[in-house]
Amino acid sequence: MEETMIEEGESNREGGGGEVSPALIAVHPLEKSVAVAIGSELRVFDLIEDCSSSLVDGSGGPLHSDSIRAICFGANGRLFASAGDDKLVKVWTTNPWQCVRTVIAEKRVSAVAISHDGLFVSFADKFGVVWVTGTDGDHEIKEKASPIFGHYCSIITSLEFSPDGRFIVSADRDFKIRVTVFPKNPFSGAHEIQSFCLGHTEFVSCLSFVCTQEHPQGFLLSGSGDSTVRLWDVTAGSLLDTCEVGSKAGLSECDGEEENVYSAITDICTSADGSVVAVGIQSLHGVVLLSCDLSARTLSVIKVVSMGETFVPTSLGMSSSAERLWMVTGASNLPVCPSFTHVRVISGLKKCGSDSSDHEPAVVEENEIPGGIKLLEKLQGSGSNAKEDDLLAVAEAVKAAMRNQLIKRQYSVEKRELRKKRRNDRKIKR
């Protein structure tokens, strides 16, 4: 079945249909704006001015021309980064929205992160190499980036800087989480490994830090294809707690022999203090809300919020205060419709740990979402007007797109040679 699926994907690219790419969402730390990436398009809505944001590219570099695979805001929201299959890493200021730097990577980019001081952008490519570039314009390296370490040909799925800036944490499809000391001069490389966080039994799909005033160094949360969310002390690389999120959501017996694939954790987002952790799962038509007690070093499920049969979140976003959870479902190059995105919002997260039924998290009606219909028209675009009969087919196509992106495929020798001839990962001559 896997071989057939791969061949269909290959023929789609040959026919010019393009590779299916899940939609992404990111929320400004102070909820000043919301960004959605779908295919090569980046859409931004300004919640303060209540209008769509015009994106200006002042970097002199090319625009995104292929699927955007990673987006993120910096810790204070001043910077934003986007990167993807076109090998471009673009660094944006957010007030106003302007691209101030475009870096051309050597391989397709799979993850991106901005250091907490805003001085560096780090990104990872599909050959497992992590790179760094400066943001303040005073560094010698501008349109180029420097490699700082690698995961030895294992695709890196997520990058995060620790809240205190000491470490950069990278996860890959070979079950590993590496904690690397981030040096003062990263252009010379990051050679000191602090620890490895080992324990997941499938690929690690996402990372997120939580911290408090009592624990400024932060603790790491990780999600995986093994359907668990785990809490780590990155300094020692020690596992503090494991939450079987898939089974808590009722998915452990739903998917037969491909259970570990369909119940994979696809995204995690958290409030700054970890009081609310939102988790997306590959087959779940909704989200799982967790509580992270840093004093007790424990994770616990608060609630499973259902979003209906046609909404499987592909990406989650939350501000530092966790007033609202923003979600997007959709993908580009779908067989049912070329580009589909649907944005939903859940409110009442801060009170969802209360025993009172009055404090249940609630799905916000479209006309009550911040920004209202104007925001939805901007972030969802014209491609979201799928017919009701097509929505279930879209949801299934989105699940397949996420599965194909996360699983580690096995190829025959003939298939490998064929892919080598077709692949778009050769070094770019400058």
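In the predicted model, K90 has a relative accessibility of 1% and therefore counts as buried, since the cut-off for that class lies under 20% relative accessible area. This lysine forms a salt bridge with D57, in which the closest N and O atoms are 2.8 Å apart. The pair links distant parts of the chain, with K90 placed in strand β9 (residues 88–94) and D57 in strand β6 (residues 56–57), 33 residues apart. The acidic partner, D57, has a relative accessible area of 25% and is thus partly exposed, whereas K90 is buried.

The structure holds seven salt bridges, among them the one between K90 and D57. Another is formed where the side chains of K176 and D172 meet, with an N to O separation of 2.8 Å. Here the acidic residue is the buried one, D172 having a relative accessible area of 0%, while K176, at 25%, is partly exposed. A further salt bridge joins D226 to R230, with 3.4 Å between the closest N and O atoms, and in this case both D226 and R230 are buried.

R230 also appears in the surroundings of D241, a residue of strand β22 (residues 238–243) that is in contact with R230 as well as with V229, L231, R297, T298 and L299, when neighbours within four places in sequence are left aside. D241 is buried but takes part in no salt bridge, and R230, although it provides the nearest side chain of opposite charge, is 9.3 Å away in that respect. The side chain of D241 instead reaches the backbone nitrogen of L299, at 2.7 Å.

With regard to strand pairing, one open sheet is built from four strands in the order β11-β12-β13-β14, and the pairing within the sheet is antiparallel. The edges are occupied by β11 (109–114) and β14 (146–150), each of which has a single partner strand, so that one side of each is left without a neighbour in the sheet. Neighbouring strands of this sheet are turned against each other by 25° on average, direction ignored. The edge strand β14 pairs with β13 (residues 129–134) in the antiparallel sense over four bridges, and V129 stands opposite G150 of β14.

Antiparallel pairing is also found further along the chain, where strand β28 (residues 324–332) and strand β29 (residues 339–347) are joined by nine bridges. Within this pair, L325 has I346 of β29 as its bridge partner. Strand β29 is joined in addition to strand β30 (residues 362–363), again in antiparallel fashion, by two bridges, and the bridge partner of S347 in β30 is A362.

For the protein as a whole, the model contains six helices and 30 strands. Of the 430 residues, 53% are buried, including the charged residues K90, D172, D226 and R230, and D241. Among contacts between residues at least 6 apart in sequence, 54% join residues that are at least 24 apart.

Technical notes
Residues numbered from 1 in each chain as written. Predicted model: local features only at pLDDT ≥ 70, side-chain atom pairs only at ≥ 80, totals over all residues. Heavy atoms only, no water. Pairing = 2+ DSSP bridges. Axes fitted to C-alpha atoms, helices over the stretch in contact; angles between N-to-C directions. Buried < 20%, exposed > 50% of the residue type's maximum accessible area, 1.4 Å probe, protein only. Lys, Arg positive; Asp, Glu negative; His and termini not counted. Salt bridge = Lys/Arg side-chain N within 4 Å of Asp/Glu carboxyl O. Polar contact = N/O pair within 3.5 Å; in protein donor to acceptor, adjacent residues only side chain to side chain. Contact = heavy atoms within 4.5 Å.
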